[in-house]
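Here's a quick briefing to read alongside the model. Have the structure open as you go through it.

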Amino acid sequence: MNRHRRRIALAGVGTLTAGLLLAVPQPAEAANLIKNPGFETAGTDDMPYCWEKSGWGDNDFAFETTSDAHSGAKAMKVTLTRRTEGDRKALITESADCAPAVSAGRQYDLGLWYKTTTPDANITLFRHDTNAGWQYWTDLKTLDMASAWTRATVRTPEVPAGTDRITWGVSVYGSGSATTDDYTMDQVPDVVPPAGCTGTDDQCANGSWSVLPTQNPVRSMHSVVLRNGKVLLIAGSGNSEEAFDAGTFTSAVYDPANGTYKVVPTPKDMFCAGHVQLQDGRVLVLSGNKAYPVPGGHGYEGFKDSYVFDPQTETYSRTNDLNDGHWYPSATELGNGDVITFGGLREDSTGSVTTERFSAAQNQWLPLSQVNQTWSYWGLYPAMILMQDGRLFYTGSHVFGNNIPGTGSAIYDYDANTITQIPGLQNKDERDQSASVLLPPAQDQKVLTIAGGNIDSNPDANRLTDLIDLKQADPSYVAGPPIPQGTVDLGNGPQPETGGQGKMYVSAVLLPDGKVLETGGALHNRANPVHESSIYDPGTGTFDPVAADPEPRGYHSSAFLLPDGRVMATGDNPGDGSWNHNVSIYTPPYLYRGTRPTITSVINQEWKYGDTQRITVDRPVAKAELIRPAAVTHSSDPNQRFVDLPLSVDGDNVDLNVTNNPNIAPPGWYMLFAVDADGVPSVARWVHLTGPAALTAASPHVHSFADGLTGKVSGPARKRAAQQVSPTISGCDRHYGSVNVCVPTVFPPQVKKTTAARCDWLRQNHYGRLKVNGGDDPLGLDPDRDGTACEKGDTRRS
């Protein structure tokens with residue numbers, strides 16, 4: 001039958017019959033789970049028995065049962081003679097009689113013989129979800145061009161829970177043909193896991209934290225894992241007005257191998273800049289702090305300067321300027337290596353409405369005339385995640401106050417220059433310094449948001465999570481499970497959180513076993529650290545509480561993955577202006593599960609899209625992946641991603657099949673992990689992913705997801721210079737103390753609206769002596785009008 005898979009809702013054509021739902025799974029010991037693997041038995045619609053026509057898009061095509069066979073008398077040939085979009089493929093029929101039954105958690109080796117006249121052919125896999133029906137799963141392998149019969153094998157990922165059957169075949173998405181024959185499918189035998197727990201029962205269940213003996217020498221709020229395994233820690237002035245006035249701007253390079261720090265010269269105040277890794281491994285650092293606020297005058301200001309940091313020389317060099325200032329900007333790498341940025345504050349403290357684009361080819365920021373503009377204000381550190389088709393998903397995670405107008409989440413199509421609102425985000429104006437992450441693997445196109453608050457209204461931060469599947473035709477957020485609760489000190493010692501209490505200032509870290517660590521946070525604006533960590537499992541959709549970081553990790557904290565599989569956490573900058581220089585290291589439970597597998601060799605460190613790359617391992621592994629190294633600040637790392645590498649296994653030799661879509665894995669340096677059946681990862685090896693696999697390759701195999709959007713669509717607005725924002729946008733009342741001290745504009749809800757209660761809260765949070773700046777006292781902290789807040793004379797009057 002003729003199948004057109006334009007959207008995920010249509011990816012499985014037809015409705016399952018009762019027979020399929022009740023079918024008995026095929027036995028695992030079956031030699032080949034494919035029926036009619038060589039097309040020898042005739043069927044209907046000019047197709048062999050148990051095979052169907054499939055595909056979508058604007059193309060001219062032909063399906064042919066040909067006598068040019070690898071064995072027997074018949075083979076299947078699929079040809080595209082003209083293509084604007086889409087693909088054509090011959091798939092195993094979606095029926096109880098034909099679609100192979102599978103078991104959750106198991107893997108299957110797929111094989112076929114093929115000849116191709118096009119480089120644009122993939123082995124494509126669909127799965128049947130018992131609740132949602134048939135849906136696209138993933139592309140497993142790009143087939144090399146071959147004029148003679150060639151064998152291709154690949155192993156599926158672990159079958160997700162709720163999946164009972166799969167179907168697969170070869171997608172042709174460029175002009176030419178693919179002829180295939182003699183399909184095979186075998187269940188991968190059980191692999192005996194290595195020895196059990198090597199630590200205490202608690203360590204094996206929850207992992208453990210340790211605090212390093214050497215402190216971080218700089219007040220760093222930006223953390224970038226470099227392609228040599230070291231960590232760039234950027235402070236700039238470190239939110240210290242004294243350092244700013246002195247022109248003391250700092251960065252440090254931390255070497256996890258020996259626990260040492262090297263302070264490096266820093267040319268500008270990169271406090272609250274944007275940063276992203278370029279495809280060559282250098283770090284692009286854009287904008288930063290031009291000026292601190294002046295009470296009664298301007299707020300923070302962002303400069304136009306931009307720099308790159310070279311990991312080899314450990315030095316900064318200047319690029320050309322941005323078109324506008326951007327204090328707190330986003331920074332997302334695109335599939336061609338360009339960088340796009342939105343939001344932040346301009347040189348005059350207003351909000352920037354200018355979109356900027358850094359050209360990888362030209363190694364410079366493009367002039368305004370060459371960049372599409374919507375003249376929209378996206379706020380501060382808006383989390384913009386690159387989708388598989390090149391569009392950008394604004395998750396709703398941001399910094400400082402309320403979200404953008406509308407639903408608080410959107411898809412931005414740069415080429416069409418349109419913004420479409422995405423519904424479903426819970427409490428959109430309380431997602432300030434929430435975390436957002438593209439869940440493992442990136443091919444699944446699912447995003448999770450975690451918790452958040454509001455630095456202006458200062459409620460108790462929440463426990464909310466939201467999930468969205470960007471493979472859906474018209475995606476919307478659905479509520480996820482609440483994060484576990486930890487302990488918090490509200491003045492009476494550490495107590496368990498209650499009700500809806502959660503946290504803001506959250507860090508979310510992709511782990512090599514395919515799970516996500518969320519850690520750190522605080523209940524209120526720069527106050528009340530929450531000690532809680534948990535691991536989210538995308539397979540089960542659940543959070544599992546684990547050991548909590550013993551150090552407070554609130555404002556200006558970060559956590560990120562190291563190449564050895566551990567997690568490093570830094571920072572904390574409470575409202576009194578102090579800084580936590582202690583560094584914590586989390587050892588996840590998987591590092592207490594016996595000997596780690598080892599990648600004994602990587603044949604080639606330079607990888608291309610669509611490649612098959614060989615590694616050797618010292619024992620069997622279940623999966624391998626690329627994890628993009630961190631570039632994180634303020635709960636935000638929109639470039640973080642985990643890219644699955646389907647395996648072809650021959651003893652200790654493992655061929656890794658690299659996605660042909662650079663939007664799934666933007667070019668650059670990645671950590672390569674191999675993971676055993678018990679979830680224990682190797683130490684990472686570094687590989688460099690760039691460029692197309694072949695000059696003859698057409699566009700990558702991009703599926704048509706999220707293309708039926710029904711949300712409100714807006715195009716470019718009228719050109720304007722800026723967005724007006726409040727000078728108190730950072731949630732601090734500058735009438736009190738020095739500029740790096742943050743007295744909240746609104747106190748937490750537990751604090752009574754009296755001078756005595758507010759001053760008591762400030763004392764509990766170590767604010768010390770607070771000078772009143774100017775004649776105004778909006779919070780009523782200086783009733784005796786002597787110019788110093790919260791002295792005895794002030795509290796006696798309340």
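**A loop residue to start from**

Let's begin with Q279, which sits in the loop between β16 (274-277) and β17 (283-286). Keep in mind that this is a predicted model. From that loop we'll move to confidence, domains, one strand and its partners, and then the cysteines.

**Q279 and its surroundings**

- Is Q279 buried, exposed or partly exposed? Its relative accessible area is 24%, so Q279 counts as partly exposed.
- Along the chain, Q279 and T690 are 411 residues apart, yet their C-alpha atoms are 7.4 Å apart in space.
- T690 is also on the contact list of Q279, once neighbours within four places in sequence are set aside.
- The rest of that list for Q279 is E333, N336, G337, A360, P667, G668, W669 and H688.

**How confident the model is**

- Averaged over the chain, pLDDT comes out at 93, and 95% of the residues score at least 70.
- Where should you be careful? Residues 1-30 have pLDDT under 50 throughout.
- For that stretch, residues 1-30, the model still has 73 contacts beyond four places in sequence.

**Domains and annotations**

- The chain splits into domain 1 (51-187), domain 2 (219-371), domain 3 (599-689) and domain 4 (732-797).
- Measuring sticks at the ready: how far apart are the C-alpha centres of domain 3 and domain 4? They lie 53 Å apart.
- UniProt, in an unreviewed entry, lists residues 251-576 as "domain: Glyoxal oxidase N-terminal".
- Over residues 251-576 the chain is 37% strand and 0% helix, with the end C-alpha atoms 23 Å apart.
- The unreviewed UniProt entry also lists "domain: Galactose oxidase-like Early set", for residues 596-688.
- Residues 596-688 come out at 46% strand and 0% helix, and here the end C-alpha atoms are 24 Å apart.

**Strand β5 and its partners**

- Strand β5 covers residues 108-116, and seven of its nine residues are buried, so call it mostly covered.
- With strand β10 (residues 176-187), β5 pairs in the antiparallel sense over eight bridges.
- If you want a landmark for that pairing, Y108 stands opposite Q187 in β10.
- β5 also runs antiparallel to strand β8 (residues 146-155), and seven bridges join the two.
- Which residue of β8 is the bridge partner of L112? That's A152.

**Disulfides**

- How many disulfides turn up in a search of the whole structure? The search finds four.
- Number the bonded cysteines in sequence order and the pairing reads 1-2, 3-4, 5-6, 7-8.
- C50 and C98 form one of the disulfides, with their sulfur atoms 2.0 Å apart.
- The C50 and C98 link has -75° about the S-S bond and is left-handed.
- C50 is in the loop between α1 (18-22) and β1 (51-56), while C98 is in the loop between β4 (87-92) and β5, so the pair ties together parts that are 48 residues apart in sequence.
- Both ends of this link are covered: C50 is buried at 4% relative accessibility, and C98 is buried at 5%.
- Another disulfide joins C197 to C204, with an S to S distance of 1.6 Å.
- This link of C197 and C204 is right-handed, with 80° about the S-S bond.
- C197 is partly exposed, with a relative accessible area of 41%, whereas C204 counts as buried at 16%.
- C732 and C742 are joined by a disulfide too, at 2.2 Å from S to S.
- Their S-S torsion is about -95°, so the disulfide of C732 and C742 is left-handed.
- C732 and C742 are 10 residues apart, each in the loop between β55 (713-714) and α4 (755-764).
- C732 and C742 are both buried.

**An unpaired cysteine**

- Why does C272 have no bond to C732? The sulfur of C732 is the closest cysteine sulfur to that of C272, but at 11 Å it is too far for a bond.
- C272 counts as buried, with 0% relative accessibility.

Technical notes:
Residues numbered from 1 in each chain as written. Predicted model: local features only at pLDDT ≥ 70, side-chain atom pairs only at ≥ 80, totals over all residues. Heavy atoms only, no water. UniProt positions renumbered as here; feature names shortened; annotations may be inferred. Helix = DSSP H or I, 4+ residues; strand = E, 2+ residues; numbered from the N terminus. pLDDT = per-residue confidence, 0-100. Contact = heavy atoms within 4.5 Å. Buried < 20%, exposed > 50% of the residue type's maximum accessible area, 1.4 Å probe, protein only. Pairing = 2+ DSSP bridges. Domains from an automatic or database assignment. Disulfide = S-S within 2.5 Å.
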